[in-house]
Amino acid sequence: MDGTVEKKILGILDEHRIMTVATNRPDGWPQATTVGYVNDGLTLYFLCSPQSQKACNLARDNRISLTIDQDTSDPLAILGLSMAAQAQAVTDPTEIAKVLFMLPRKYPAYSGFLMPDAEKTLVFRVLPKISYVLDYTRGFGHAELVMV
């Protein structure tokens, strides 16, 4: 991947905190859910309840699509990411602890909230495979395809 494009992707990941994750339901319909995330480079992490539809969908099929962007009134100011990725449940206690440590750093306004109980929460690692950098400042509909 080109260093300039990677820097742009990392900038978008670091600037935002919310993503929409689409998983595959058993009936074939996609299910889109908004989640908070943290990232370590191009690896993203999100948490969810083990009983959630998202977790059930991912146990069956770990392919996801996701978007990260911001609301803007100017369509030529759209800057975001659209990715195809694989999500894997994290089982390593050290990696889970790292993610739980990263959360309050990305979300300092939430520092007064209790951190989720690691035993009652699933942590998913998201590994992007294909990414589109959406940059409408370079023209309406402009997207750069990046194989990760």
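A residue is called buried when its relative accessible area is under 20%. The close-up views below are all taken from a predicted model.

**View 1. Tyr-136 and Phe-140 form an edge-to-face aromatic pair.** With a relative accessible area of 17%, Tyr-136 is buried. Its partner Phe-140, by contrast, is exposed, at a relative accessible area of 67%. The ring centres of Tyr-136 and Phe-140 are 5.3 Å apart and the ring planes stand at 65°, so the arrangement is edge-to-face. A search of the whole structure finds two aromatic pairs; the other is shown in the next view.

**View 2. Phe-46 and Phe-124 form a stacked aromatic pair.** The centres of these two rings lie 5.4 Å apart, and because their planes meet at 20° the pair is stacked. Phe-46 belongs to strand E4, which covers residues 43-48, and Phe-124 belongs to strand E7, which covers residues 122-135. The two residues are 78 residues apart, and the pair therefore links distant parts of the chain. Both partners are buried: Phe-46 has a relative accessibility of 0%, and Phe-124 has one of 4%.

**View 3. Glu-95 makes polar contacts with Tyr-45 and Arg-125.** Glu-95 is located in helix H3, formed by residues 93-106. Its relative accessibility is 14%, so Glu-95 counts as buried. The side chain of Glu-95 is joined to that of Tyr-45 by a polar contact of 2.6 Å. A polar contact of 2.7 Å connects the side chains of Glu-95 and Arg-125. Leaving aside residues up to four places away in sequence, Glu-95 touches Tyr-45, Val-90 and Arg-125.

**View 4. Four residues form a nonpolar patch on the surface.** The members of the patch are Ile-130, Tyr-132, Leu-145 and Met-147, and together they have about 380 Å² of accessible area. Strand E7 and strand E8 (143-147) each contribute at least two residues to this patch. Ile-130 is part of strand E7. How accessible is Ile-130? Ile-130 has a relative accessible area of 31% and is therefore partly exposed, since this class lies between the buried limit of 20% and the exposed limit of 50%.

**View 5. Glu-144 is in polar contact with Arg-138.** Glu-144 is a residue of strand E8. Is Glu-144 buried or exposed? The relative accessible area of Glu-144 is 17%, so this residue is buried. The side chains of Glu-144 and Arg-138 meet in a polar contact of 3.0 Å. Residues up to four places away in sequence not being counted, Glu-144 touches Val-5, Lys-8, Ser-131, Tyr-132, Val-133 and Arg-138. Among these neighbours, Tyr-132 is also a member of the nonpolar patch shown in View 4.

**View 6. Ile-9 and Val-133 are 7.0 Å apart in space.** Ile-9 has its place in helix H1, which consists of residues 3-15. The relative accessibility of Ile-9 is 1%, so Ile-9 counts as buried. How many residues apart in sequence are Ile-9 and Val-133? They are 124 residues apart in sequence, while the distance of 7.0 Å is taken from C-alpha to C-alpha. Val-133 is also one of the residues touched by Glu-144 in View 5.

Key
Residues are numbered from 1 along each chain as its sequence is written. This is a predicted model: local features need pLDDT of at least 70, side-chain atom pairs count only at pLDDT 80 or more; totals for chains, interfaces and linings use all residues. Side-chain values use heavy atoms; hydrogens and water are left out. Rings of Phe, Tyr and Trp (its six-membered ring) pair if their centres lie within 6.5 Å; planes under 30 degrees apart count as stacked, over 60 as edge-to-face and the rest as tilted. Helices (H or I, at least four residues) and strands (E, at least two) are DSSP runs, numbered from the N terminus. Buried means under 20% relative accessible area, exposed over 50%, partly exposed in between (1.4 Å probe, protein chains only). A polar contact is a pair of N or O atoms within 3.5 Å; within protein, one must be able to donate a hydrogen and the other to accept it, and residues adjacent in sequence count only if both atoms are side-chain atoms. Contact means heavy atoms within 4.5 Å. Patches are made of residues with over 30% relative accessible area and no salt bridge: like charges are joined within 9 Å, nonpolar side chains (Val, Leu, Ile, Met, Phe, Trp, Tyr) within 5 Å. Accessible areas come from the Shrake-Rupley method with a 1.4 Å probe; for residues, only the protein chains shown count as cover. A salt bridge is a side-chain nitrogen of Lys or Arg within 4 Å of a carboxyl oxygen of Asp or Glu.
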